[in-house]
Amino acid sequence: MADKFERTELLLGREAMEILAASRVAVFGLGGVGSYVTEALARSGIGALDLIDKDVVNISNLNRQILATFETIGMDKTEAAAKRVALINPDCRVTPHKIFLLPETADSFDFRDYDYVVDAIDTVTGKLTLIEKAKAAGTPVISCMGTGNKLDPTALRAADLFETTVCPLARIMRKECRKRGITELKCVYSEEKPIAPGTADCRETPWNVHADMAGETISDLKSCGSVPEETERRSPVPGSVSFVPSAAGLIIAGEVIRDLIRRSR
């Protein structure tokens, strides 16, 4: 019988597959980005996954989250993710954590247990807490910046946070990381300017020319004291599509796989 990862091994080699099988990765946030990170890691042969999220699958998730189907609506995202991983790679050890990563819950995790940490959290406070904890433990971490109100997956980039441009969330994160003495952070971000909901005309307008509103929630921007009065009056819920968060998640998974192999050789 053919091995389920034989096509991957053709590209990465046997040694790399053994490294991945021995690796434990924590994915914080199982939304549009994190669910695809989890999917790709499971299909790449990662040996252990810790999956962290307190939300349940909602009908509004159907347009962009791979865990969301009519069968999983109302199910805990961690449960839905664990069941999906088991169907893909039953050898992967999944540890679900039904909890949000916040300053008051961060001590529930020993970040030294992980070979890599993925930040797919959608609040600034949670992201900063996670990054600080991972850095203090000496554990590699990759952070996703804003994917809401974006339409161009080709504008996504992997880079150091302090080399990013355009992304409003990255700008806020740079400021807050500097305050905390964090001088480097791998991230995935978009060079597409955020689109104001309701303004995109796909028939006439290129994806990446709008520049009106950040794709982050109002609460995120407030937490850093950066909400223009006119923005605050608008809907706090960003628009999203199936093909931008998913692309960001797959890029992140690729960076995790590449880094795990490189660091172990």
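Contact here means heavy atoms within 4.5 Å. Keep that cut-off at hand for the tour of this predicted model.

**The whole chain**

Start with everything shown as a cartoon. The chain's secondary structure consists of nine helices and seven strands. Colour by burial next: of the 265 residues, 52% are buried. Among the contacts with a separation of 6 or more, 69% join residues 24 or more positions apart.

**Leu49 and the core around it**

Now select Leu49 and show its surroundings. Which residues is Leu49 in contact with, leaving aside neighbours within four places in sequence? You should find Val25, Thr38, Leu41, Ala42 and Val85, along with Cys92, Arg93, Val94 and Thr95.

Widen the selection to the largest nonpolar core, which has 41 residues. Leu49 is one of those with the most contacts inside this core, together with Val25, Leu41, Ile252 and Val256. To see where the core comes from, colour these elements, each of which supplies at least two of its residues:

- helices H2 (14-21), H3 (34-42), H4 (77-88) and H9 (245-264)
- strands S1 (24-28), S2 (48-52), S4 (116-119) and S5 (141-144)

The element that gives the most to this core is H9, with eight residues. Another core, of 28 residues, lies apart from the largest one; Ala134, Cys167, Leu169 and Met173 are among its members. As background, nonpolar side chains in soluble globular proteins tend to be buried together.

**Where H3 meets H9**

Hide all but H3 and H9. Their axes come within 7 Å and cross at roughly 45 degrees. That angle makes H3 oblique to H9. The crossing, as H3 passes H9, is right-handed. For the side chains, pick Tyr36, Val37, Ala40 and Leu41 on H3. On H9, the partners are Ser246, Gly249, Leu250, Ile252, Ala253, Val256 and Ile257. Leu41, Ile252 and Val256 should look familiar, being among the residues with the most contacts inside the largest core.

**Where H5 meets H6**

Move on to H5 (residues 124-137) and H6. These helices pack at an angle of about 50 degrees, and their axes are 11 Å apart. H5 and H6 are therefore oblique to each other. Here too you can look for the handedness: H5 passes H6 in a right-handed crossing. Show Val124, Lys127, Leu128 and Ile131 in H5, and you will see them meet Leu169, Met173, Glu176 and Cys177 in H6. Leu169 and Met173 are also members of the core of 28 residues.

**Two loop residues with a positive phi**

Most residues other than glycine have a negative phi. Two stops remain where the backbone has a positive one.

Select Asn149, in the loop between S5 and strand S6 (156-160). Its phi is about 55 degrees, although Asn149 is not a glycine. Is Asn149 buried or exposed? Its relative accessibility is 5%, so Asn149 counts as buried. Now follow the Asn149 side chain: at 2.7 Å it reaches the backbone nitrogen of Gly239.

Finish at Val166, in the loop between S6 and helix H6 (168-179). Val166 is not a glycine either, yet its phi is positive, at about 75 degrees. Because its relative accessibility is 35%, Val166 counts as partly exposed.

Note on methods
Residues numbered from 1 in each chain as written. Predicted model: local features only at pLDDT ≥ 70, side-chain atom pairs only at ≥ 80, totals over all residues. Heavy atoms only, no water. Core = buried A, V, L, I, M, F, W, Y, C linked by side-chain atoms within 4.5 Å. Buried < 20%, exposed > 50% of the residue type's maximum accessible area, 1.4 Å probe, protein only. Helix = DSSP H or I, 4+ residues; strand = E, 2+ residues; numbered from the N terminus. Polar contact = N/O pair within 3.5 Å; in protein donor to acceptor, adjacent residues only side chain to side chain. Axes fitted to C-alpha atoms, helices over the stretch in contact; angles between N-to-C directions. Parallel < 35°, antiparallel > 145°, perpendicular 65-115°, else oblique. Left-handed = near helix turned anticlockwise from the far one by under 90°.
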